[in-house]
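Okay, everyone, quick one from me today. Let's pull up the chain and walk through it together.

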Amino acid sequence: MFSFLEFTTVLLLSLRLLPIFVVMPLNIFSKAPLLFRLIIVLAISIIMAGLIPIASNVLTMSLVLSEFLLGIVIAFGFHTAFASLDLI
């Protein structure tokens, strides 16, 4: 089914996309159940994993944490953009 390299690619992509889709300030995603948002994240990650070449076969805790923190920073950017639109 999946090799270890493909599984780690999907895992890292989903860790980057997860904070963005879970806390997205759009009304469409705020009303959707959490399980639906998780399924969307996994589907997008699986699609994107086929497009990204696998560079490394090492999965460390620092790599996992950095991907998750990068997703949090991107989600914070979305929140600040939508908060600035609410001020207008």
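So, secondary structure: we have 4 helices and 0 strands, and along the sequence that reads α-α-α-α. Keep in mind that this is a predicted model. For overall dimensions, the C-alpha trace spans about 45 × 25 × 20 Å along its principal axes.

Now, how much of the chain is buried? Of the 88 residues, 25% are. The accessible surface comes to about 6,200 Å², and carbon and sulfur atoms account for 78% of that. On contacts, take the pairs at least 6 apart in sequence: 82% of those contacts join residues at least 24 apart.

Let's go inside. Which residues make up the largest nonpolar core? There are 6 of them: Leu17, Ile20, Phe21, Met24, Val41 and Ala75. Helix α1, residues 4-22, is the top contributor, giving 3 residues to this core. As a bit of background, nonpolar side chains in soluble globular proteins tend to be buried together.

Ala75 is a nice link to the next helix, since it's one of the buried residues of α4, alongside Val64, Glu67 and Gly71. And yes, there's a glutamate, Glu67, on that buried list. What covers the buried residues of α4? The cover includes α1. Zooming in on Ala75, and skipping neighbours within four places in sequence, its contacts are Pro19, Ile20 and Val23.

While we're on α4, here's a sanity check on its geometry. The helix runs over residues 61-87, and at 1.5 Å a residue its 27 residues should span 39 Å; the end C-alpha atoms are 39 Å apart, so the two agree.

Okay, out to the surface. Leu34, Leu35, Leu38 and Ile39 form a nonpolar patch there, with about 370 Å² of accessible area together. Leu38 belongs to helix α3, residues 34-49. Its relative accessibility is 32%, so Leu38 counts as partly exposed. If you want the reason for that label, partly exposed covers the range between under 20%, which is buried, and over 50%, which is exposed.

Last stop: Ile54, in the loop between α3 and α4. Ile54 is also partly exposed, because its relative accessibility is 37%. What does Ile54 touch, leaving out residues up to four places away in sequence? Leu5, Glu6 and Thr9. With Leu5, the sequence separation is 49 residues, while the C-alpha to C-alpha distance is 7.0 Å.

That's my tour; happy to rotate the view for anyone.

Technical notes:
Residues numbered from 1 in each chain as written. Predicted model: local features only at pLDDT ≥ 70, side-chain atom pairs only at ≥ 80, totals over all residues. Heavy atoms only, no water. Helix = DSSP H or I, 4+ residues; strand = E, 2+ residues; numbered from the N terminus. Buried < 20%, exposed > 50% of the residue type's maximum accessible area, 1.4 Å probe, protein only. Contact = heavy atoms within 4.5 Å. Areas by Shrake-Rupley, 256 points an atom, 1.4 Å probe, with all protein chains shown as cover. Core = buried A, V, L, I, M, F, W, Y, C linked by side-chain atoms within 4.5 Å. Patch = residues over 30% accessible without salt bridge, like charges linked within 9 Å, V, L, I, M, F, W, Y side chains within 5 Å. Salt bridge = Lys/Arg side-chain N within 4 Å of Asp/Glu carboxyl O. Expected span 1.5 Å × (residues − 1).
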